[in-house]
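Colleague: I should be grateful for a close look at a single part of this structure, namely its nonpolar interior. Please relate it to the parts of the chain around it.

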Amino acid sequence: MTNAALVLEDGRVFRGEAYGATGVSLGEVVFSTAMTGYQETLTDPSYHRQIVVQTAPQIGNTGWNDEDDESSKIWVAGYVVRDPARTPSNWRSKRGLDEELANQGVVGIAGLDTRTLTRHIREQGAMRAGVFSGADLTDDASMVEQVKASAQMVGANLAVDVTTPKPYVVEAIGEKKFTVAALDLGIKSNTPRMMAARGIEVHVLPLTSSFDEILATSPDGLFLSNGPGDPATQDHAIALTREALGRKLPLFGICFGNQILGRAVGRGTYKMRYGHRGINIPVIDVTTGKVAITSQNHGFALEGTPGEEFSSEFGRAVLSHYCPNDGTVEGVRLLDAPAFSVQYHPEAAAGPHDAAPLFDDFVTMMNEAR
């Protein structure tokens, strides 16, 4: 057994044993309340530069397969679990979670009290941290200094790290009904699949694309994906969004894309205390009062009051959804232009699926625009 430590920037140290690769990893420590779907969590580009703490105690029970990745690699900076599975059991499993973490060089830690750690993050807020093991496990003071020297999440432009290097196309399943240009801020694999199932041909484009390159796909709509980092850094994506709004090109955004649309219509964003991460987070639609259980992963949010109507350069808009746990704004809808967004994940792998009909709403919007 190799000793390991999770060191927080406030000086708190949690000790355990190495899990996955040994070494050092630095990032923002956050917690996810999902009880399943750890493979999708680990491969979600929105977790880039974050050390993820799983609040569910037993992780790794179903091993690792070759079908459920949400991107080409594991993106988390580090991984923290309490009671990792000693022997995974699932008919699709190809190898253990610890083996895959080691294969991809992800430094993790197991055997610590994740309940106490999660309560500490809730009280003190998400903060910089580091996982240290092997030769990198040194004295506490030195490790704390390393953590304090690492980059902050506020002001971090991370979407540029995770976007696709070149465009690619996901074909429609069955008859092609629409073409959508998807701006890749950190898109998950299930998102184009969900659109393809509705007859949409999806052109996934790099974040650096020009609006002319978007128009070259002859799109019926523009999709803004999820992604990592501070939305205040995304001047280019915001400019593209404003161009689309000005042309009344139907637009749908999720997660990071919700923050991009919000900023494009004049709303501010702020860093949350510890964010929302998990697949069991309630959201209320202010118009219908309907509650959806949603998948979320965000540490920034839009400013404003749920249900608030406001004027923008593109007409009237409303802050359309909110989380009843803390009142966080969870959606924007334009009333005079074909555009809406939500702070959660309607493509939700590994679930839940309450929000999947939002893709149908996007289809309806593109139909009406025709």
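**The nonpolar core and its surroundings**

Modeller: In this predicted model, the largest nonpolar core has 32 residues, and those touching the most other members are Leu222, Leu245 and Leu334. Two or more residues apiece come from strands E11 (178-183), E13 (221-224), E18 (315-322) and E19 (329-334), and from helices H7 (211-215), H8 and H9. Among these contributors H8 gives the most, with 5 residues. In soluble globular proteins, nonpolar side chains tend to be buried together.

Apart from this core lies another, of 24 residues, which includes Ala182, Phe223, Val283 and Phe362.

The contacts of Leu334 can be set out individually. Leaving aside residues up to four places away in sequence, Leu334 touches Leu245, Leu261, Val265, Phe314, Arg316, Ala317 and Ala339. Leu334 and Leu245, two of the core members with the most contacts to other members, are thus also in contact with one another.

Helix H8 merits separate description. It comprises the 12 residues 235-246, and the distance from its first C-alpha to its last is 16 Å, close to the 16 Å expected at 1.5 Å a residue. The buried residues of H8 are Ala237, Ile238, Leu240, Thr241, Ala244 and Leu245. Viewed down the helix axis, these buried residues fall within an arc of 160°, and therefore they line one face of H8. An α-helix has 3.6 residues a turn, so residues three or four places apart point the same way. On the face of H8 turned away from the buried side are the exposed residues Asp235 and Gly246. After the helix comes Lys248, which has a positive phi, near 55°.

Further along the chain, Cys255 occupies the loop between strand E14 (251-254) and helix H9 (256-264); H9 is one of the elements giving two or more residues to the largest core. Cys255 counts as buried because its relative accessibility is 1%, under the 20% limit. The unreviewed UniProt entry annotates Cys255, His345 and Glu347 as "active site". Although these residues span 93 residues in sequence, no two of their C-alpha atoms are more than 11.1 Å apart, so they gather at one spot.

His345 lies in the loop between strand E20 (339-342) and helix H10 (357-369). With a relative accessibility of 2%, His345 is likewise counted as buried. Not counting residues up to four places away in sequence, the contacts of His345 are Lys188, Asn226, Ile254, Cys255, Ser295, Gln296 and Asn297. With neighbours within four places in sequence set aside, Cys255 is in contact with Asn226, Asn297, His298, Val342, Gln343, Tyr344 and His345. Asn226 and Asn297 therefore appear in the contacts of both Cys255 and His345, because each has heavy atoms within 4.5 Å of those residues.

As for covalent links between cysteines, the structure holds 0 disulfides. Cys255 is in no disulfide, the nearest cysteine sulfur being that of Cys323, 13 Å away. That separation is too far for a bond, which is why the sulfur of Cys323 is not paired with Cys255, its closest cysteine. Cys323 is itself buried, with a relative accessible area of 0%.

Key
Residues are numbered from 1 along each chain as its sequence is written. This is a predicted model: local features need pLDDT of at least 70, side-chain atom pairs count only at pLDDT 80 or more; totals for chains, interfaces and linings use all residues. Side-chain values use heavy atoms; hydrogens and water are left out. A disulfide is a pair of cysteine sulfur atoms within 2.5 Å. Buried means under 20% relative accessible area, exposed over 50%, partly exposed in between (1.4 Å probe, protein chains only). Helices (H or I, at least four residues) and strands (E, at least two) are DSSP runs, numbered from the N terminus. The expected span of a helix is 1.5 Å times one less than its number of residues. The arc is that of the directions from the helix axis to the C-beta atoms. UniProt positions are given in the numbering used here, feature names are shortened, and annotations may be inferred rather than shown by experiment. A nonpolar core is a set of buried Ala, Val, Leu, Ile, Met, Phe, Trp, Tyr and Cys residues joined through side-chain atoms within 4.5 Å.
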